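Biologist: I am new to this structure and should like to work through it by question and answer. May we begin?

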Amino acid sequence: MKRLFIAGSVILVAAMLYVWGHSDGSAGRAPGQLETAFAAEEKPGLSPVKARARDFYAPNSEDLGPNEMRVIACGTGMPTARPKQAASCWLVELGNGDKFLFDVGTGSAERIAALQIPYNYLDKVFLSHLHTDHFGDLDALFVGGALSGRQKPLRVWGPSGDTPERGTKYAVDHLRKALTWDLDGRKGITDPRGYHIEVTEFDYLGVNEIVYQDNGVTIRSFPAIHSLDGPVSFILEWNGLKFVFGGDTYPNKWYAEHAKDADLAIHECFIAVPDMIDKFKFTPQGALSVGTQIHTAPEAYGKVMSIIKPRMAVAYHFFKDYDTTAAINDRIRTTYDGPLSLAEDYMVWNITKDDIRVRMAVVDEDVWPPPASEKPQVPDPSQRIPYSDEIISGKLDVKDVIQPTYDEINKKYGLDEKQD
Ligand SMILES: [Zn+2]
Ligand SMILES: [Zn+2]
């Protein structure tokens, strides 16, 4: 890796973990790593020659145990774009090989790419609601994923609305229509199999009703209270583990009832109202309305977690900065004293029955798409939509300088490709 991003706080936490020793269990750790960590102490005075266990998660470097769940925050922010935090997106990876995305908010496609997962396995997206900070990068995952190795349709599950126009199917169908020029221009040039979206719209009023069931995984939804009718939250259950993903909401009775005893319970937690006024420049009236009525205020977040008592509570949907985090934490702690993660992008949770290990992922900025899991299909040039004569007439003659590239590739791969 050429460039590693390690936030100062991660280095600090890593150093603290090293000093204190690992008090948690074995989740997220390869067999033998614990022994390796202490091997240097066996021969005092000699510097170690073996690597110690990492204190961070490096994508594509760890096996997932057969009973293990790994959750990675690919977006924890807001509709207001910022380099530090993409908007809501959560990857769930299971020891049976299944992977699921919950929300794909604006900016999150870049975070997903950093995890180096072949795109064929990133074909299932569950949307909590249709705000751009929860589905704004669906186009990037759809088109970019197909271009980068997803050789099957992208499957999207999302709630209906109180009218057909406010439902997931309408939104996704029209997003696809908006991409007409993009998709037409790729015909005959790239593997066509990934450029399809299949939408499964379910009743937003369903309470703990199954919206997905396959391969030992059950996903249910229940309503949320946010902005308009339509938003939902999800529960994923597999192999005795329970993951709850709360979409945006005012605290609601369905979450309080059905998220109980979650292993990992994600719920939104909005910026403290004074910071919304000081830093976000909301009016006091607007800050009170958005920060406590449309969303969940930190004190209310704590109350919800005190009711459901998860093994690990995860708070997101706030700008997590040096000068905002303390206020969020202090306010949550007035109403909740259990295990808590204040999420930021690339936070990782390895979950087993015995342990929940929390780390940060360290990613390679120079990442390329991982190899496709299936052989790519050679495009059919007859499917291309031709340029008009007017546009063709504008081509400069550069065939002479391109021809050596054709010669090189034809020779290397035994082809007989010719320039247009
Ligand atoms: Zn929202
Ligand atoms: Zn949101």
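Modeller: Certainly; please bear in mind that this is a predicted model. A suitable start is helix α6, residues 168-178, whose buried residues are Thr168, Ala171, Val172 and Leu175.

Biologist: How large an arc do these residues cover around the axis of α6?

Modeller: An α-helix has 3.6 residues a turn, so residues three or four places apart point the same way. The buried residues of α6 accordingly lie on the same side of the helix, because the arc they cover is only 90°.

Biologist: Which strands do the buried residues of α6 pack against?

Modeller: Their partners include the helices α4 (132-135) and α5 (138-147). The strands against which they pack are β5 (154-159) and β6 (197-202).

Biologist: Within what arc do the buried residues of α11 fall?

Modeller: Helix α11 spans residues 298-308, and its buried residues are Pro298, Tyr301, Gly302, Val304, Met305 and Ile308. Viewed down the axis, they line one face of the helix, since they fall within an arc of 160°. Their cover includes α8 (253-258), β11 (264-268), β12 (312-316), α12 (325-332) and β13 (340-342). The arc asked for is thus 160°.

Biologist: Which residue follows α11?

Modeller: The residue in question has a positive phi, near 50°. It is Lys309.

Biologist: What is the relative accessible area of Val398?

Modeller: Val398 lies in the loop between α13 (389-392) and α14 (399-413). Together with Leu396, Val401 and Ile402, Val398 makes a nonpolar surface patch of about 380 Å². Val398 is classed as partly exposed because its relative accessible area is 37%.

How values were computed. Residues are numbered from 1 along each chain as its sequence is written. Chains are lettered from A and ligands numbered from 1 in the order in which they are written. This is a predicted model: local features need pLDDT of at least 70, side-chain atom pairs count only at pLDDT 80 or more; totals for chains, interfaces and linings use all residues. Side-chain values use heavy atoms; hydrogens and water are left out. Patches are made of residues with over 30% relative accessible area and no salt bridge: like charges are joined within 9 Å, nonpolar side chains (Val, Leu, Ile, Met, Phe, Trp, Tyr) within 5 Å. Accessible areas come from the Shrake-Rupley method with a 1.4 Å probe; for residues, only the protein chains shown count as cover. A salt bridge is a side-chain nitrogen of Lys or Arg within 4 Å of a carboxyl oxygen of Asp or Glu. Helices (H or I, at least four residues) and strands (E, at least two) are DSSP runs, numbered from the N terminus. Buried means under 20% relative accessible area, exposed over 50%, partly exposed in between (1.4 Å probe, protein chains only). The arc is that of the directions from the helix axis to the C-beta atoms. Contact means heavy atoms within 4.5 Å.
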